Amino acid sequence: MMILTLVVVFTSVMVENVIIDREVFINLIMGESVDSIIVVKEENEQELLQAIHEDERVKSYYLYHMLDVSHVGGTKLVTIVSDDFSKLKNQDMCIKGRFPKYENEVAIGIKYANDKGLHLGDEITISVSGKEQTYLISGLTQFASAIGKDCLMTRSGYQRLEHLTTITYYIQLQDEVDIDTFHTDMQNKLSTHLIDVINGKATYQGMLSAYITFVTMIVVGLIVLSTFIVSFVLYLLVRVMLNKKKREYGIMKAFGVTTKQLILQTAISFLPIQIIATGVGVVISCCIVNPLFSFMLSEIGIVICHFAIPVGMIIIVSICMIAVSFVLVCMLSRKIKKISPKELLMGE
């Protein structure tokens with residue numbers, strides 16, 4: 001029962017954070033999610049900024065441009081360039097230190113930092129097209145889209161190496177605004193200036209659908225497996241108990257105790273240990289579930305998980321598990337009906 005509570009907590013956390021409330025999961029996988037993504041050439045940036053600044057449907061916008069750089073002595077890093085990282089919706093992306101503020105600072109993926117023995121305050125040399133610059137590590141980040149090989153720097157920091165030729169802006173719209181209609185209006189205003197417009201919400205949902213399907217299959221599989229394990233173990237326990245107490249049950253029947261009473265007595269005898277084991281198991285599992293997820297996801301760049309633990313859901317499922325176990329014991333104890341005092345006496 002204690003082991004099965006880990007399954008209960010594990011599946012409950014996945015249901016809560018992947019199927020019901022996806023925000024934390026999206027942030028861990030994607031890093032940042034918005035409604036609209038617009039890409040323009042660098043020389044057309046001011047026209048775009050003016051258009052989105054004047055549009056009342058826009059809640060917030062910020063530079064969020066992704067490209068590749070090279071770590072000298074290391075490997076390629078997916079780099080995110082922004083003017084102001086404080087505007088990002090996902091401020092939890094930086095889990096240690098802080099986002100870069102100055103042109104000589106970078107934040108790198110914590111998994112990559114651990115692999116290379118890098119720490120906050122260390123210097124790292126970045127190169128683009130053969131040109132190299134040294135940066136100070138101001139923060140450590142985590143999200144899975146770059147498999148931990150990511151790097152964040154300011155626009156001025158990147159321009160120490162090379163100028164941006166294209167510009168990507170992430171745009172958060174007001175509630176109930178149709179994203180496709182917004183894009184149509186932007187295309188009409190900016191005509192040929194736009195390189196690309198992307199419906200961020202639709203893109204993220206499409207990418208997450210595979211994860212959600214996978215998680216749903218895992219949850220269903222774990223529920224089926226848990227039910228089978230509980231049933232099998234209880235079958236063995238009840239069978240052994242009935243064999244050991246066959247004579248005792250026969251005597252009790254001879255004194256007028258009914259089969260129904262004996263079945264309930266047997267089922268109730270299992271309850272104390274089930275309740276204690278489940279309670280202890282839930283407490284332990286809630287303490288280790290996030291470290292367990294961190295261990296499982298460490299290879300894709302997630303080393304610290306802070307998934308919400310749905311305590312209410314876990315308690316309800318645990319009570320249901322105990323109730324199911326009680327019903328199973330009652331069903332398995334129906335063999336008591338075949339025990340006859342007369343047969344026991346004749347056997348002796």
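The radius of gyration, to start with a definition, is taken over the C-alpha atoms, and the globule rule we compare it with is 2.2 Å times the number of residues to the power 0.38. For 348 residues, a compact globule would come out near 20 Å, but our protein chain has 30 Å. Please keep in mind, everyone, that this is a predicted model.

So what box do the C-alpha atoms fill? Along the principal axes, it is roughly 100 × 45 × 25 Å. Have a look at the structure above and try turning it around while I talk.

Inside that box, the chain has eleven helices and eleven strands. Of the 348 residues, 44% count as buried. About 18,200 Å² of the protein chain is exposed, and carbon and sulfur atoms supply 61% of that area. Next, take the contacts between residues at least 6 apart in sequence: 79% of them join residues at least 24 apart. As for charge, there are 30 positive and 34 negative side chains, and the centres of the two sets lie 21 Å apart.

Let's zoom in on the strands now. Please find His65, which sits in strand E3, residues 65–71. Is His65 buried or exposed? Its relative accessibility is 7%, and buried means under 20%, so His65 counts as buried. What does His65 touch, if we skip its neighbours within four places in sequence? The contacts are Thr79, Ile80 and Val81, and then Leu164, Thr166, Ile167 and Thr168. Ile167 deserves a second look: His65 and Ile167 are 102 residues apart along the chain, yet their C-alpha atoms are separated by 6.2 Å.

Next, the aromatic rings. A pair of rings is described by two things, the distance of the centres and the angle of the planes. The count here comes to seven aromatic pairs. In one of them, Tyr62 and Tyr170, the ring centres are 6.3 Å apart and the planes stand at 45 degrees, so this pair is tilted. Tyr62 belongs to strand E2, residues 58–63, and Tyr170 to strand E10, residues 166–173, so to speak of their spacing, the pair links parts of the chain 108 residues apart. Both Tyr62 and Tyr170 are buried.

Another pair is Phe228 with Phe232, and this one is stacked, with 6.2 Å from centre to centre and 10 degrees between the planes. Both residues lie in helix H7, residues 200–244, four residues apart, which is about one turn of the helix. Here is some background: an α-helix has 3.6 residues a turn, so residues three or four places apart point the same way. Phe228 is exposed, with a relative accessible area of 53%, while Phe232, at 44%, is partly exposed. The line between those two labels falls at 50%.

There is also an aromatic cluster, formed by Phe10, Phe293 and Phe307.

Staying with helices, let me show you H2, residues 23–30. How many of its eight residues are buried? Six of them, so to say, the helix is mostly covered. The buried ones are Phe25, Ile26, Asn27, Leu28, Ile29 and Met30. What covers them includes helix H1, residues 2–20, and also H7, the helix that holds our stacked Phe228 and Phe232. Right after H2 comes Gly31, with a positive phi near 90 degrees.

On to helix H9, residues 259–297, where we find Gln274. Gln274 is buried, with a relative accessible area of 3%. Apart from neighbours within four places in sequence, Gln274 is in contact with Met1, Leu234, Ile322 and Ser325.

I'll end with two loop residues. Ser129 has a phi near 55 degrees, a positive value in a residue other than glycine. You can find Ser129 in the loop between strand E7, residues 123–128, and strand E8, residues 131–141. Ser129 counts as exposed, at 71% relative accessibility. Glu176 is not a glycine either, and its phi is positive too, at about 70 degrees. Where is Glu176 found? In the loop between E10 and helix H6, residues 179–190. Glu176 is exposed, with a relative accessible area of 81%.

That's my tour, and thanks for listening!

Notes. Residues are numbered from 1 along each chain as its sequence is written. This is a predicted model: local features need pLDDT of at least 70, side-chain atom pairs count only at pLDDT 80 or more; totals for chains, interfaces and linings use all residues. Side-chain values use heavy atoms; hydrogens and water are left out. Buried means under 20% relative accessible area, exposed over 50%, partly exposed in between (1.4 Å probe, protein chains only). Contact means heavy atoms within 4.5 Å. Accessible areas come from the Shrake-Rupley method with a 1.4 Å probe; for residues, only the protein chains shown count as cover. Lys and Arg count as positive and Asp and Glu as negative; His and the chain ends are not counted. The place of a charge is taken as NZ of Lys, CZ of Arg, CG of Asp or CD of Glu. Rings of Phe, Tyr and Trp (its six-membered ring) pair if their centres lie within 6.5 Å; planes under 30 degrees apart count as stacked, over 60 as edge-to-face and the rest as tilted.
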